[in-house]
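Colleague: Shall we go through the pockets of this model together? Keep the answers short, please.

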Amino acid sequence: MRAKDIRTRSGDDPVTMLTAYDAPTAAVVEEVGVDMVLVGDSVGNLRLGHDATLPVTVDEIATRTAAVARATDEPLVVADMPFLSFGVDEAESVRNCGRMLKEAGADAVKLECGPHTVDLTRRLTRLGVPVQAHLGLTPQRENETGLFRQATDEESAAETLELAREHEAAGAFSLVLEHVPANVAAAVTEPLEIPTIGIGAGPDTDGQVLTVDEVIGLTEGVAPFSKAFGDVREEMRSAVAAYVDAVEAGDFPAAEHSHEESDLDDLY
Ligand code: KIV
């Protein structure tokens, strides 16, 4: 899949996107036929033990992206650019984003956007780095905005729509809309030609994205707009508990889990 295939997917055929941060998870996500795999900076909270996305580094996203890219062929692999890896200096932003395609095997990058990313989106797109824009709640700005629903008044809703249009005009191939009212997401989706991918943004976007950890039920709880479709945490707990019980009871390893070399009987 290429960014140009996603660009034309606004309309009736919902686009599916899920995060993945490692090869085995990405392989399952591909097996099920997900369109886009996002190597999200949510890896910081979900897998690296941070309580925010801010500490995630370019190296961490590059390593995780490379694992996901090695494990998948079909879905579009999107590397989520971490806090301050873009937007400070244009040359450095281009180098960091370019590295995701050149070294890590990503097909595109995602930028948490604002007025400062319109020109960067244009530059990256012209250089051949497809950009997925991200508006609404942008957790990298949590110290400014908090982690609350965004675009909740007329002025900020209008600003979101304007920024969406500007990023589309600058070349973004799709737009993630996070935690905005459903009617605002619908109003942003309607005039855009590129697909909108919602998370906590209601049913009227062109696609949906969630973190895979929430979807499989690995996290202790889920965001109010998310949903656990499985209970992997309980599966893990019960497998680990069964292993500990078996070792403590002397049931593991059993005869079939090891072997003896008869030639070595006289070794000691
Ligand atoms: O990092 C992430 O997982 C994201 C999605 C929630 C869109 O940015």
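Colleague: What volume does the largest pocket have?
Modeller: This is a predicted model; local features need pLDDT of at least 70, side-chain atom pairs 80 or more, and totals for chains, interfaces and linings use all residues. Residues count from 1 along each chain as written, and side-chain values use heavy atoms, without hydrogens or water. The largest pocket (an open set of 1 Å grid points where a 1.4 Å probe fits, with protein on both sides within 12 Å along at least five of seven lines) has a volume (space filled by the probe spheres) of about 580 Å³.

Colleague: Which residues lie closest to the centre of the largest pocket?
Modeller: The lining (residues with an atom within 4 Å of a point) has 31 residues. Closest to the centre are Ser 42, Pro 139, Glu 178, Ile 199 and Thr 211.

Colleague: How many residues of that lining of the largest pocket are charged?
Modeller: Charged means Asp, Glu, Lys or Arg; Ala, Val, Leu, Ile, Met, Phe, Trp, Tyr, Cys and Pro are nonpolar, and the others, with Gly, polar. In the largest pocket, 13 lining residues are nonpolar and ten polar. The charged ones number eight.

Colleague: How much space lies in the second largest pocket?
Modeller: Its lining has 22 residues, and Cys 113, Gly 114, His 116, Thr 138 and Arg 141 are closest to the centre. By class, nine are nonpolar, ten polar and three charged. The space in the second largest pocket is about 450 Å³.

Colleague: Which element gives the most to the lining of the second largest pocket?
Modeller: Strand E5 (131–136) and helix H8 (154–170) each give two or more residues. (Strands are DSSP E runs of at least two residues, helices H or I runs of at least four.) With four residues, the top contributor is H8.
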